[in-house]
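Hello,

Here is the structure I promised to pass on. Please have it open while you read my notes below.

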Protein chains: 2
Amino acid sequence: MTDRIRTFPWQKLHEFCRDVFRRLDVPEADARVAADVLSAADLRGIDSHGVARLRSYADLLAAGRINPRPRVQIVRESPSTATVDGDNGLGLVVGPAANTIAMDKAASAGSGWVAVCHTNHYGIAGYYVLKALERDMIGWAMTNTTKAVAPLWGAERVLGTNPLAIAFPAKEEPPIVLDMSTCTVPYGKIEMAMRRGETIPVGWAIDREGRPTTDPTAMLDGGALLPLGGDREHGGHKGYGLALAIDVLSGVLSGANWGPFTPPFALRQALPSRRVGKGIGHFFGALRIDAFRDPEEFKTQVDDFVRTLRSTRPAPGTQGPLVPGDPEREAEKERTRSGIPLLPVVVEELQEVSRNTGVPFD
Amino acid sequence: MTDRIRTFPWQKLHEFCRDVFRRLDVPEADARVAADVLSAADLRGIDSHGVARLRSYADLLAAGRINPRPRVQIVRESPSTATVDGDNGLGLVVGPAANTIAMDKAASAGSGWVAVCHTNHYGIAGYYVLKALERDMIGWAMTNTTKAVAPLWGAERVLGTNPLAIAFPAKEEPPIVLDMSTCTVPYGKIEMAMRRGETIPVGWAIDREGRPTTDPTAMLDGGALLPLGGDREHGGHKGYGLALAIDVLSGVLSGANWGPFTPPFALRQALPSRRVGKGIGHFFGALRIDAFRDPEEFKTQVDDFVRTLRSTRPAPGTQGPLVPGDPEREAEKERTRSGIPLLPVVVEELQEVSRNTGVPFD
């Protein structure tokens with residue numbers, strides 16, 4: 001794991017992703033959107049959700065487990081809501097389509113809320129709320145995911161890392177863009193500690209017996225992540241409650257699978273013990289600002305809020321509070337200029353995808 | 001603090017609250033609703049938000065800081081949204097009125113979202129989402145509150161404890177009712193530790209210099225609560241982001257004050273350094289289930305989810321996971337039967353309210 005990291009222009013990775021999806025029978029326009037979503041993750045520094053996942057998407061497409069040409073359909077709707085069946089398409093394609101429906105509903109009804117079933121992993125939640133900002137709206141995005149997290153006081157994986165993103169436009173300041181999972185840390189952080197031979201802090205995970213552990217291997221080997229907050233004393237019931245609410249909105253309300261029955265993302269993972277719906281679920285929302293307040297006034301106040309946060313007296317040893325979205329925006333600036341750094345293991349996976357699909361890489 | 005705890009039938013406390021509000025010029029119907037909200041807190045075991053706060057409400061009314069006869073008005077609206085000006089009324093009156101508007105919007109447009117400015121503290125967020133359940137809807141409630149919480153890496157109070165409640169109806173099982181603040185623990189837990197001479201766990205609070213502290217007095221004396229997650233390593237940026245998002249929705253979107261400028265709840269607390277809007281802010285939402293899915297199907301699936309959670313293998317030393325809303329429902333069952341236990345300090349406050357208003361107590 002100490003091998004040389006290689007850096008690629010994002011455009012090159014985008015093109016590769018697009019061509020791989022094309023080769024796997026995804027239509028041109030959809031392949032481009034799917035590559036956009038992956039590139040957004042790479043550019044924003046969320047390495048786990050970008051090209052590093054291309055192989056899983058490609059595997060599932062090649063195995064016929066994802067439909068490359070879905071007919072995405074509204075199956076129920078009201079003036080401000082819709083339920084969408086993703087026809088088992090790529091989440092990277094179904095997600096953007098459903099998110100657009102939410103924004104279109106908001107344009108006409110003030111707000112738009114879309115629950116999606118029969119879909120697959122949709123990349124970073126942040127991508128969707130950035131789209132809402134382009135239309136001067138407040139954006140919301142949630143999804144359920146494969147089980148990885150124990151409910152507080154449980155000894156096994158029942159819930160996903162169920163992320164929530166929400167974004168607010170500003171005027172002169174950059175927007176506020178919150179994009180968070182509802183567990184303490186993502187799975188990838190546990191894997192990284194294992195590879196480095198390091199321990200993990202108390203509050204991140206439990207072992208297969210449900211006991212708190214500082215051993216990353218004990219979590220990976222049948223243990224579970226802890227919800228945001230960790231134990232009861234530190235508010236673990238709150239992170240658990242958030243993960244559950246996101247699952248009900250994304251999974252249950254849409255008619256998707258939920259909780260421990262949410263299908264896995266990679267071919268090698270075991271299928272759930274039963275089926276309670278179709279695919280995984282997403283939930284998108286959009287609020288038109290002028291449905292509540294003059295947008296210029298709103299954005300001027302968000303500027304003021306952002307500046308107030310930045311002028312907060314810093315805690316010792318820190319530069320003071322960041323505003324949600326700062327780290328991702330910094331990463332995007334840097335990576336647009338100097339490229340996307342990829343670990344050797346990721347490069348090898350992309351080379352394998354290249355061999356399997358015949359799309360040249362490198 | 002070890003004095004005898006006295007127990008009162010909730011109806012008696014409800015009647016006392018109602019009569020106190022009446023005496024302070026609140027109209028009969030509003031006084032009854034305000035008492036309903038306080039009783040909901042007492043019954044559900046959220047002692048800090050029930051009659052224990054009556055004196056603060058009464059003080060602010062008596063001092064003319066809250067308008068007893070507000071004209072609650074929609075100032076902007078769309079088919080699924082509204083902004084409401086609470087005319088500086090009791091949050092316990094403005095909140096229920098605005099929440100009803102959200103539910104009425106949902107009835108006609110599928111979803112309803114109402115931002116409220118120029119209002120005051122509204123009791124427990126849980127009250128509002130229970131109202132949505134009565135109409136077979138998914139309910140949401142948020143509010144900003146007086147500053148008490150430091151943003152991650154800040155050394156001072158900037159944000160409120162900004163709660164979020166959300167509720168989902170079930171069929172045979174009880175509903176899922178999440179009602180949580182976005183900090184690790186409420187202010188009251190720090191005060192309780194101080195009175196008992198106990199230390200507090202790392203992750204709850206910082207002192208006035210912004211350093212982590214286990215001394216409750218150090219927090220109370222110019223320190224701050226930490227957002228859910230605590231430090232960076234345990235996801236404190238996530239709790240901070242949630243508190244901020246709730247503040248933007250409740251405060252900024254409505255035209256209320258926000259962040260450190262949110263007015264305080266008690267007469268004795270200092271006023272903020274500047275005014276950036278009107279009063280405090282709330283945000284309510286309602287989703288009509290049949291706008292997304294057949295309600296019977298939805299509720300059957302929620303039942304299944306609840307049972308799945310209850311059958312999760314328990315962590316050692318626990319009875320296994322609870323479902324959000326369980327503790328409050330248990331408290332309500334018990335307290336409906338055997339009454340509301342009040343600390344001597346609360347009884348003394350109510351006696352003082354009684355002397356000041358001439359409404360008999362005890």
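Which residue in strand 10 of chain B is the bridge partner of B:Ser111? It is B:Leu287. Please keep in mind that this is a predicted model.

That pair belongs with the wider link between strand 4 (residues 111-119) and strand 10 (residues 280-288) of chain B, which run antiparallel and are joined by seven bridges. Both strands sit in an open sheet of seven strands in chain B, with the order 2-3-4-10-5-6-7 and mixed pairing. Strand 2 (73-78) and strand 7 (176-180) of chain B are its edge strands, each pairing on one side only. From one strand to the next, the twist averages 10°. Helix 5 (residues 125-134) of chain B lies across strands 5, 6, 7 and 10 of chain B, and runs at about 160° to strand 5.

Now to chain A. Helix 1 (residues 10-23) and helix 2 (residues 28-43) of chain A pack with their axes 8 Å apart, at an angle of about 140°. This angle is why helix 1 of chain A counts as oblique to helix 2 of chain A. Their crossing is right-handed. Among the residues that meet there are A:Trp10, A:Leu13 and A:Phe21 from helix 1 of chain A, and A:Ala31, A:Leu38 and A:Leu43 from helix 2 of chain A. The residues of this contact divide into nine nonpolar, two polar and five charged.

Finally, the two chains: 72 residues of chain A are in contact with 72 residues of chain B. On the chain A side, helix 9 of chain A gives the largest share, seven residues. That side divides into 39 nonpolar, 23 polar and ten charged residues.

Happy exploring!

Technical notes
Residues numbered from 1 in each chain as written. Chains lettered and ligands numbered in written order. Predicted model: local features only at pLDDT ≥ 70, side-chain atom pairs only at ≥ 80, totals over all residues. Axes fitted to C-alpha atoms, helices over the stretch in contact; angles between N-to-C directions. Helix = DSSP H or I, 4+ residues; strand = E, 2+ residues; numbered from the N terminus. Parallel < 35°, antiparallel > 145°, perpendicular 65-115°, else oblique. Left-handed = near helix turned anticlockwise from the far one by under 90°. Contact = placed C-beta atoms within 7 Å. Nonpolar A, V, L, I, M, F, W, Y, C, P; charged D, E, K, R; others polar. Pairing = 2+ DSSP bridges.
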